[in-house]
Amino acid sequence: MDAKDMNCNSDQSHEHSYTCDECMNVLHMVIDKETDANEEFKQHLKDCLPCLEKYNLDSAIKEVLAKKCDQHEPPQKLVHEIKDKIFNNVE
Ligand SMILES: [Zn+2]
């Protein structure tokens with residue numbers, strides 16, 4: 001694997017595309033629905049796999065958190081773990 005391909009910060013071939021730093025700034029705003037994904041942002045995700053993966057991961061986390069907040073109750077697994085800890089401490 002070529003090390004140069006791993007660092008898209010040094011890629012100057014796409015003049016109209018964001019750098020990774022700029023992309024990350026927009027990414028957070030897009031995920032928080034503060035702004036819409038623009039063409040430069042989409043173009044960067046097409047060209048830059050690390051940023052695309054970051055976007056997919058952050059979107060997924062945001063979705064999971066949103067669903068958890070809607071439910072207003074702790075996951076059963078967590079409840080069991082807490083109960084186990086309490087019983088273990090008593091013994
Ligand atoms: Zn990038």
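## Exercises on a five-helix model

Of the contacts in the protein with a separation of 6 or more, 49% join residues 24 or more positions apart; two residues are in contact if their C-beta atoms, placed from the backbone, lie within 7 Å. This is a predicted model: local features need pLDDT of at least 70, side-chain atom pairs count only at pLDDT 80 or more, and totals for chains, interfaces and linings use all residues. Residues are numbered from 1 along each chain as its sequence is written.

**Exercise 1. List the elements and judge the confidence.**

Step 1. Count the elements: there are 5 helices and 0 strands. Helices (H or I, at least four residues) and strands (E, at least two) are DSSP runs, numbered from the N terminus.

Step 2. Read the order: α-α-α-α-α from the N terminus on.

Step 3. Check pLDDT, the predictor's confidence in each residue, from 0 to 100. The protein has a mean of 81, and 76% of its residues reach 70 or more. Confidence is highest in α2, at 95, and lowest in helix α1 (residues 3–6), at a mean of 51. Where pLDDT is low, the predicted coordinates should not be read in detail.

**Exercise 2. Describe helix α2 and its buried side.**

Step 1. Take the length: α2 has 12 residues and reaches 16 Å from its first C-alpha to its last. That is close to the 16 Å expected at 1.5 Å a residue (1.5 Å times one less than the number of residues).

Step 2. Find the buried residues of α2: Cys23, Val26 and Leu27. A residue is buried if 20 or more other C-beta atoms lie within 10 Å of its own, exposed if 12 or fewer, and partly exposed in between; C-beta atoms are placed from the backbone.

Step 3. Locate them: they cover an arc of only 115° around the axis, so they sit on the same side of α2. The arc is that of the directions from the helix axis to the C-beta atoms.

Step 4. Look past the end: Lys33, just after α2, takes a positive phi of about 60°.

**Exercise 3. Find the two sides of helix α3 (residues 39–47).**

Step 1. Pick the buried residues: Phe41, His44 and Leu45. They fall within an arc of 100° seen down the axis, so they line one face of α3.

Step 2. Turn to the other side of α3: Glu39 and Lys46 are exposed there.

**Exercise 4. Assemble the largest nonpolar core.**

Step 1. Apply the rule: a nonpolar core is a set of buried Ala, Val, Leu, Ile, Met, Phe, Trp, Tyr and Cys residues joined through C-beta atoms within 7 Å.

Step 2. Name the 9 residues: Tyr18, Cys23, Val26, Leu27, Phe41, Leu45, Cys48, Cys51 and Tyr55.

Step 3. Trace the sources: α2 (20–31), α3 and α4 (49–71) each supply at least two residues of this core. The most come from α2, with 3 residues.
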